[in-house]
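Thanks for passing this one along. Here are my notes, in numbered points that you can follow with the structure open.

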Amino acid sequence: MDKPGTTGRVIPALDRAREIKPCPLGAGESCCRVCAMGPCRVTESGKGARVGVCGATPDTIAARNLCRMIAAGTAAHSDHAREVVQTFCAVARGTAPGFELCDREKLSRLAAQLGCGKAEDPAVLAREVGKLFLGEFGRQEGELALAALAPPRRLERWRRLGLVPRGIDREVVESLHRTHMGVDQEALHLLHQGTRTALADGWGGSVIATAVRDVLFGTPRPVRSRVDLGVLKPDCVNIVVHGHEPLLPEVLVRLAADGEMTARARAVGAAGVNIAGMCCTANEILMRHDVPVASHFLQQELAIITGAVELMLVDVQCVMQGLAAVAACYHTRLVTTSEKARIKGARHVEFSPATALDTARELLYAAIDNFPNRRRVDIPPQAVELVTGFGQESIRHALGGRFRGSYRMLNENIINGWIRGVAGVVGCTNPRAASGASHGVLVRELVANDVLVLVTGCAALACARDGLLVPEAADSAGPGLREVCEALGIPPVLHCGSCVDNSRILMMAAEMVRAGGLGEDLSDLPVAGCAPEWMSEKALAVGQYFIGSGISVGLGVYFPGADSKEFAAQVFEGLTQDYGAAWFFEPDPQALARKILAHIEEKRRALGIEG
Ligand code: XCC
Ligand code: SF4
């Protein structure tokens, strides 16, 4: 693949990762670049400085770096949430013609839960809910209203520790302030602020994003679909939607099914229009419309390399700049759609709620018109079945059994030992890890030991490619879990959506506490989280809000700043005292699984249900 103006070849991410070695300064050691007396590289042992020019110690620098990464991750999730709420408000005002309030029942439930009134008119109710949600971003004092969704014990603990987030934006700004040169210089104090910020993501921005999209586009129910590059169709106009905001893709999916588009596609010699998802946009439209998935983060460039993609639409987050160079070697049109994000070499067609229908139509036309420009097409034939669509509502239904309407039956199955516990496996795929392969190894081990696994993000897509998201995968489960899955007809690994949908996992854990029998706080539950192939700062925000909520989290790849012993002692142990949970680090997927299993058994023992 030759590319003019570069070193000669365009190499996708996997090859680039081989060429570029990770910087050792950034990973384990404490590298600080927050002021121009540095950058300072400090170590606790061996050669080199013990403190930075300003006197900052390695643990302070490591905590400061982590806090900044959490703030960035929180900002990403929450700014996405803001975008969705703004569209939601526009729909409520009647100024977004391409959208409607799809799940009105969830809207009423939300309004009741949040004390937003009982208006009969859904538009009025939506305006109230939208106003409350928008208020959560700019709140200056008091408590995030959504923090009240946490179990009372957890909320009490947060209050005692001063961890209840005020406003979402406020926590992000304060984290950036505190990590500026010469402000907060005590590792634990910084970590607490990291937690408060992350909680504003987990119980704030992410809850808002999930709830609002469910109301707008429908609350997911179990559906079947397919994943991998084989979902691209050689005889169709292929459009890949990539990124995180499902707003424009929702309209696009609807419009593509229109007879007019099929007729237009036929006129250029194609059989029709085929839409496939990538990364978390994929998870969104997969969950709600069973739109097939071209796959996870690491496959974005490979989709274009099939030569079969007429148009790739990208919005925000996890979009590799390398796409532009790869697209330039093919006929693929790369289009950026968010006001926030542009890529040199890509065309920009901006999404706005008011004109979404026209924009979607224009993009569909552009894709169809591009079909005759195809050159060689080479689509790998693989595509694997999966079942998706699990959230707190559908899991309550699927696992409800005769106790329909509660999590009682899940808890009963955990108490009687058929299911040992629950693990959330989340996050990205990373060429520094086994590029998606660790998920299969890890999850198979968990499932074989009767742990029910909930997956989101690219971890979910990696598991799907591994064939783990179908009911038949129960064959590889331990005898207890297999029995439960077979009785209910569900897979042992439940796809719960995109990365902001990690909020669904939190809500499910809160429901488990509410259903009784497994303690009174989230930290009592035999539950753990992990992100074996994380790469994005968002994954750290997610991990920190799980931990702040009482659920321990294992990280793969590397743990930033872990060479500082004092910092490591805090994040891997010290936090337990305050939160009842901490991080653990384990890059080997098999060993990570064993650590999660040990953690679950320890929680069971503490609950007195080890049998
Ligand atoms: Fe991005 Fe959400 Fe990671 Fe995938 S999992 S690489 S963050 S798309 Ni969120
Ligand atoms: Fe170095 Fe301190 Fe400046 Fe960081 S803040 S770059 S440790 S002098």
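1. A word on the lining of the largest pocket to begin with: by class, it has twelve nonpolar, two polar and two charged residues. Please keep in mind throughout that this is a predicted model.

2. Staying with that pocket, the space in it comes to about 430 Å³. Its lining is made up of 16 residues, and those nearest the centre are Pro 22, Cys 23, Asn 430, Arg 432 and Tyr 558. Those five are a good place to centre your view.

3. Next, have a look at ligand 2, which has 13 residues around it. Four cysteines, Cys 32, Cys 35, Cys 40 and Cys 54, are among those that come nearest, together with Val 34. By class, this shell holds ten nonpolar residues, two polar ones and one charged one. Cysteine is counted as nonpolar here, so the cysteines in the shell belong to that class.

4. On to the aromatic side chains: how many aromatic pairs does a search of the whole structure find? The search turns up eight. One of them joins Trp 158 and Trp 203 edge-to-face, with 5.7 Å from centre to centre and 70 degrees between the planes. This pair links distant parts of the chain, as Trp 158 belongs to helix α5 (residues 152–161) and Trp 203 to helix α7 (residues 187–217), 45 residues apart.

5. Are these two tryptophans buried or exposed? Trp 158 has a relative accessible area of 1%, and because buried means under 20%, it counts as buried. Trp 203 is likewise buried, with a relative accessible area of 1%.

6. A second edge-to-face pair is formed by Phe 559 and Phe 572, at 4.9 Å centre to centre and with 70 degrees between the planes. Phe 559 sits in the loop between β15 (553–555) and α21 (565–579), while Phe 572 is in helix α21, so the pair ties together parts that are 13 residues apart in sequence. Phe 559 is buried at 2% relative accessibility, whereas Phe 572, with a relative accessible area of 25%, is partly exposed.

7. Do follow the rings on from there. Phe 559 and Phe 572 belong to a cluster, linked by ring pairs, that also takes in Phe 567 and Trp 583.

8. Finally, a charged group over a ring: which residue lies over the face of Tyr 365? That is Arg 264, at 3.6 Å from the ring centre.

Technical notes: Residues are numbered from 1 along each chain as its sequence is written. Chains are lettered from A and ligands numbered from 1 in the order in which they are written. This is a predicted model: local features need pLDDT of at least 70, side-chain atom pairs count only at pLDDT 80 or more; totals for chains, interfaces and linings use all residues. Side-chain values use heavy atoms; hydrogens and water are left out. A residue is near a molecule or strand if one of its heavy atoms lies within 4 Å of it. On a 1 Å grid over the protein atoms alone, a cavity is a set of points where a 1.4 Å probe fits but cannot get out, and a pocket is an open set with protein on both sides within 12 Å along at least five of seven lines; lining residues have an atom within 4 Å of a point. Grid points are joined across faces, edges and corners, and a volume is the space filled by probe spheres set on the points. Rings of Phe, Tyr and Trp (its six-membered ring) pair if their centres lie within 6.5 Å; planes under 30 degrees apart count as stacked, over 60 as edge-to-face and the rest as tilted. Helices (H or I, at least four residues) and strands (E, at least two) are DSSP runs, numbered from the N terminus. Buried means under 20% relative accessible area, exposed over 50%, partly exposed in between (1.4 Å probe, protein chains only). A charge sits over a ring if NZ of Lys or CZ of Arg is within 6 Å of the ring centre and within 35 degrees of the ring normal.
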